[in-house]
Amino acid sequence: MKALILIDIQNDFLPGGALAVPAGDEIIPIVNQLQQHFDLVVATQDWHPPNHKSFASQHPAKKVFDLIKLQGLEQVLWPDHCVQGTAGAEFSEALQQQQVEAIFRKGMVPGVDSYSGFYDNGHLKSTGLTDYLRGKEVQEVYVAGLAGDYCVYFTAKDALQEGFRTILVEDACRPISPEGFEKAKADLIAKGGKIAQSTTLIS
Ligand code: VGL
Ligand code: ZN
């Protein structure tokens with residue numbers, strides 16, 4: 001069984017959003033079409049409390065995109081984004097959701113960020129996604145969404161570590177930094193992952 005994991009296709013990561021990923025909206029028609037080729041589709045949702053420590057606003061001496069140490073981990077400071085219950089945290093209304101069977105929320109603990117759909121950045125707490133996928137007899141996961149160099153990359157890396165055959169659908173992702181995305185893809189390949197294009201999956 002193969003599953004499609006849609007990462008953080010939320011208003012704040014789309015043009016006009018608080019942490020807009022360049023051209024992030026371009027992936028929506030692609031993932032909408034892609035979903036039709038999967039028996040199982042799940043989504044992740046970045047879901048932060050207003051005082052989340054990944055927000056630069058929580059560190060008066062710091063600014064957006066500064067790097068700090070948070071509980072021993074490297075942390076980029078982001079603009080406030082995907083705050084629980086706000087419009088920015090909602091999925092894009094252009095995203096088809098009829099096939100999305102389950103939504104895994106992440107980033108609720110104020111002191112630790114959570115890029116991956118499987119674990120927080122400290123690998124302290126699981127979201128339950130591994131057990132969910134194993135319960136559905138999934139062996140192969142396709143990962144798509146935003147941002148390619150952060151939450152998509154971390155999710156794909158954890159998927160490999162959890163033992164899933166893992167394919168990043170490149171044209172169904174957009175990164176914050178193109179250089180970061182190149183490094184991310186190279187690292188996934190080095191770890192046994194694959195990179196694919198949606199066009200080869202929907203033909
Ligand atoms: C993300 C930065 C902060 C992402 C989430 O979805 O890639 N990036 N929170
Ligand atoms: Zn976030």
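**Ligand 1 and the fold around it**

Author: Ligand 1 is surrounded by Asp8, Phe13, Asp46, Trp78, Tyr115, Leu146, Ala147, Tyr150 and Cys151. The model is a predicted one, in which local features need pLDDT of at least 70 and side-chain atom pairs count only at pLDDT 80 or more, while totals for chains, interfaces and linings use all residues. Residues are numbered from 1 along each chain as its sequence is written, and chains are lettered from A and ligands numbered from 1 in the order in which they are written.

Reader: What makes a residue count as near a molecule?

Author: Its C-beta atom, placed from the backbone, must lie within 6 Å of the molecule.

Reader: How does the shell around ligand 1 divide into nonpolar, polar and charged residues?

Author: Seven are nonpolar, none is polar and two are charged. Here Ala, Val, Leu, Ile, Met, Phe, Trp, Tyr, Cys and Pro count as nonpolar, Asp, Glu, Lys and Arg as charged, and the others, Gly among them, as polar.

Reader: Why does Asp8 count as buried?

Author: A residue is buried if 20 or more other C-beta atoms, placed from the backbone, lie within 10 Å of its own, exposed if 12 or fewer, and partly exposed in between. Asp8 has 29 such neighbours inside 10 Å and therefore counts as buried. Asp8 lies in the loop between S1 and H1, and its phi is near 50°, a positive value in a residue other than glycine.

Reader: Why does Phe65 count as exposed?

Author: Phe65 has 11 C-beta neighbours inside 10 Å, so it counts as exposed. Phe65 is placed in the loop between S2 and S3, and its phi, near 75°, is likewise positive in a residue other than glycine.

Reader: Why does Ser54 count as buried?

Author: Ser54 has 25 C-beta neighbours inside 10 Å, so it counts as buried. With residues up to four places away in sequence left out, Ser54 touches Gln75, Leu77, Trp78 and Asp113; contact requires C-beta atoms, placed from the backbone, within 7 Å.

Reader: Which peptide bond is cis?

Author: The bond from Leu146 to Ala147 is cis, with omega near -15°. Ala147 is found in the loop between S6 and H3.

Reader: What makes up the secondary structure of the protein?

Author: There are five helices and eight strands. They are DSSP runs numbered from the N terminus, helices (H or I) having at least four residues and strands (E) at least two.

Reader: Which residues touch the most other members of the largest nonpolar core?

Author: They are Ile5, Leu6, Val141, Val143, Ala144, Val152 and Val169, in a core of 50 residues. Helix H3 gives the most to this core, with seven residues. A nonpolar core is a set of buried Ala, Val, Leu, Ile, Met, Phe, Trp, Tyr and Cys residues joined through C-beta atoms within 7 Å. In soluble globular proteins, nonpolar side chains tend to be buried together.

Reader: Why does the radius of gyration of the protein agree with that of a compact globule?

Author: The radius is taken over C-alpha atoms, and the globule rule is 2.2 Å times the number of residues to the power 0.38. For 203 residues a compact globule would have a value near 17 Å; the protein has 16 Å, which agrees. Of these 203 residues, 43% count as buried. The C-alpha trace spans about 50 × 30 × 30 Å along its principal axes.

Technical notes:
Two residues are in contact if their C-beta atoms, placed from the backbone, lie within 7 Å.
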